[in-house]
Amino acid sequence: MTVRTRVAPSPTGDPHVGTAYIALINYCFAKKHGGEFLLRIEDTDQARSTLQSEKMILDSLRWLGLSWDEGPDVGGPHGPYRQSERSAIYTEHCDRLLADGHAFKCYCTSEKLAAMRRHQIAAKQPPKYDGTCLSLTDTDRAKLDAEGVSHVVRMKIPTEGTCVVHDTLRGEIEFENAVVDMQVLMKSDGLPTYHLANVVDDHLMGITHVMRGEEWISSAPKHLLLYQYFGWEPPVLTHLPLLRNADKSKLSKRKNPTSILCYQRAGYLPQAMQNFLGLFIKSASEEDEKTSLQELIDGFDVHNISLGGPVFDTSKLDWLNGRYLREELDVGQFLDAVKAWALNDSYLTPIAEMAQARITKLSDLGSLTGMFFMNRIDGLTADALRDGVKIDQDQQRAAYTLALQQFDGLVEWNKEGVETTLRRTAEVLEAKLKDVIRPMYIAITGQPQGVPLFDAIVHLGRDIIRERLRHAMELLGPASKKEVEAWTALLAAEKTD
């Protein structure tokens, strides 16, 4: 048997370091056993999936030094490798489940489902589908279909017994069938949910080992049941611990940069990031923490991974990156790395376009454009953030928080979206746009004025902007949960109006 693993990211945002961590584990395991590593794009969420996000994922994983034997950009015998291009395959398998009596059509409205869950929560029962549409007859379903009533397809779950999930790291995990939900397999728009597409794709693509995040443990009984319904052999399952912040909470962009591209833009070398993530899968007894991809492959053992959850310690990443800069690069290679990072036409041309009309001599470029070559703004203080700002400090904090929320939600990162975000933020806070622009300018550029703000935000990128606004909030005072809820409510009310 040829070992085949995969990573299957959703192109709905920036490429996450957690995706890189999962990809590295799957890659090392496959190569350790002479196997194959696949990349599949799970883009059934058509409202949020973008080709721009897909490209960033592929670029970031390649920057990290990973490659795949099959995927949307390299092809292979098991394609297509984008789920949006496999609709006919999912429909065929869903129809098979319906015909075999392992799935059923559900016509319940969203309002009815919401009321069902409210009742269950009030009764202190686990919220799940109650099986209402299981009692429909063929005549009932034919009538509803003829009337054009919308429906989804759900899987049937045994009412008794248990499901045993065999996990490489965790041993046997038992689930009572009575608490497993009758999962939606096909949505009313004819697109599959993750659960159906995941199982069908893994089988048809010959995946032998599924190594994924521990958040999918609760879905494992549903997936194993689908394998049983189809009469397929399930893959070996390993649920990996999630990356953690220093306080052991789940790694979150609210506490740490989580995009691979943010670390690339901040000036980290790919070898250092690869090595850093590799420490999470190395034996703790190994002495030198500096390692190579080949050494990670040769020494890979899934049991070296601690279930406690690896801590994403950026100070360790800084230390490793410094070592690589000093020990692995000669002066020529160092200069090449600097050029590749920022001293190239692609990165410099937009900066030149912004700066040319705002200087009187070339030496002015340092103070005007230095912020394009930083991660956080060096030396920024709370007093500097308040300098000449007309809105009060709580409004300023609200402006940063609301801008962050909206920036995260932008499907396309462009000047129009940035401008709309800042104008909406000013409207929500009942402030003049210029009075919101100034504190944004200081937080993002470190200065009260300079190059065009909207253009600068677009060029710096979502990741660096997020980090600078987070830094500004740290200096002025992090928002409480109550404050965030109140500010978000203002934004929601504005959208309703």
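Visitor: Let's start with a proline. Where does Pro80 lie?

Guide: Pro80 sits in the loop between α2 and α3 (87–99). Keep in mind that this is a predicted model.

Visitor: What kind of peptide bond joins Gly79 and Pro80?

Guide: Look at omega: it is about 0° here, and the bond joining Gly79 and Pro80 is cis.

Visitor: Staying with backbone angles, which residue in the loop between α4 and α5 should I look at?

Guide: Try Lys124, in the loop between α4 (110–122) and α5 (138–146). Its phi is positive, about 60°, although Lys124 is not a glycine.

Visitor: Is Lys124 buried or exposed?

Guide: The idea is to read the relative accessible area against a cut-off, and over 50% means exposed. Lys124 comes in at 79%, so it counts as exposed.

Visitor: And what about phi at Glu430?

Guide: Glu430 is another non-glycine with a positive phi, this one about 55°. You'll find Glu430 in the loop between α17 (415–428) and α18 (433–445). With a relative accessible area of 76%, Glu430 is exposed too.

Visitor: Now the other end of the scale. Is Ser53 buried or exposed?

Guide: Anything under 20% counts as buried. Ser53 has a relative accessible area of just 3%, so it is buried. Ser53 belongs to helix α2 (residues 51–63).

Visitor: What does Ser53 touch, leaving out residues up to four places away in sequence?

Guide: With those set aside, Ser53 touches Pro11, Thr12 and Gly13. Now compare Thr50, found in the loop between β2 (36–39) and α2. Thr50 has 13% relative accessibility and therefore counts as buried. Setting aside neighbours within four places in sequence, Thr50 is in contact with Pro11, Val411 and Glu412. So Pro11 turns up in both contact lists, that of Ser53 and that of Thr50.

Visitor: What about the in-between class? How accessible is Lys253?

Guide: Lys253 is at 28% relative accessibility, which makes it partly exposed. Lys253 is in the loop between β9 (236–240) and α8.

Visitor: How far is Lys253 from Asp463, in sequence and in space?

Guide: Here it pays to read both separations together. Lys253 and Asp463 are 210 residues apart in sequence, yet their C-alpha atoms are 9.3 Å apart. As for what Lys253 touches beyond four places in sequence, the list is Thr258, Asp408, Arg466 and Arg470.

Visitor: On to whole helices. How many residues of α9 are buried?

Guide: Go along the helix residue by residue: 7 of the 9 residues in α9 are buried, leaving it mostly covered. The buried ones are Ala272, Met273, Gln274, Asn275, Phe276, Leu277 and Gly278.

Visitor: Which helices do those buried residues pack against?

Guide: The buried residues of α9 pack against α1 (17–32), α2, α8, α10 (293–298) and α11.

Visitor: How far does α11 reach, first C-alpha to last?

Guide: You check the reach against the span expected at 1.5 Å a residue. Helix α11 (residues 314–327) has 14 residues and reaches 20 Å, close to the 20 Å expected. Its buried residues are Leu317, Leu320, Asn321, Gly322, Arg323 and Tyr324. Those pack against α8 (260–265) and α9 (270–278).

Visitor: How do I describe two packed helices?

Guide: You give the angle between their axes and the distance between the axes. For helix α16 (residues 393–409) and α17, that's about 140° and 9 Å. The two are therefore oblique to each other, as an angle over 145 would be needed to count as roughly antiparallel. The crossing of α16 and α17 is right-handed.

Visitor: Which residues meet there?

Guide: From α16 come Ala399, Leu402, Ala403, Gln406 and Phe407, and they meet Val418, Thr421, Leu422, Arg424, Thr425 and Val428 in α17. By class, that contact has 7 nonpolar, 3 polar and 1 charged residues.

Visitor: At what angle do α18 and α19 cross?

Guide: Roughly 40°, with the axes of α18 and helix α19 (residues 453–460) coming within 11 Å. So α18 and α19 are oblique to each other too, and α18 passes α19 in a left-handed crossing. Ile437, Met440, Tyr441 and Ile444 of α18 make the contact with Leu453, Phe454, Ile457 and Leu460 of α19. By class, the contact of α18 with α19 has 8 nonpolar residues, no polar and no charged.

Definitions and conventions: Residues are numbered from 1 along each chain as its sequence is written. This is a predicted model: local features need pLDDT of at least 70, side-chain atom pairs count only at pLDDT 80 or more; totals for chains, interfaces and linings use all residues. Side-chain values use heavy atoms; hydrogens and water are left out. Helices (H or I, at least four residues) and strands (E, at least two) are DSSP runs, numbered from the N terminus. The expected span of a helix is 1.5 Å times one less than its number of residues. Buried means under 20% relative accessible area, exposed over 50%, partly exposed in between (1.4 Å probe, protein chains only). Contact means heavy atoms within 4.5 Å. Axes are lines fitted to C-alpha atoms, for helices over the stretch in contact, and angles run from 0 to 180 degrees between N-to-C directions. Angles under 35 degrees count as roughly parallel, over 145 as roughly antiparallel, 65 to 115 as roughly perpendicular and the rest as oblique. A crossing is left-handed if the near helix is turned anticlockwise from the far one by less than a right angle, and right-handed if clockwise. Ala, Val, Leu, Ile, Met, Phe, Trp, Tyr, Cys and Pro count as nonpolar, Asp, Glu, Lys and Arg as charged, and the others, Gly among them, as polar.
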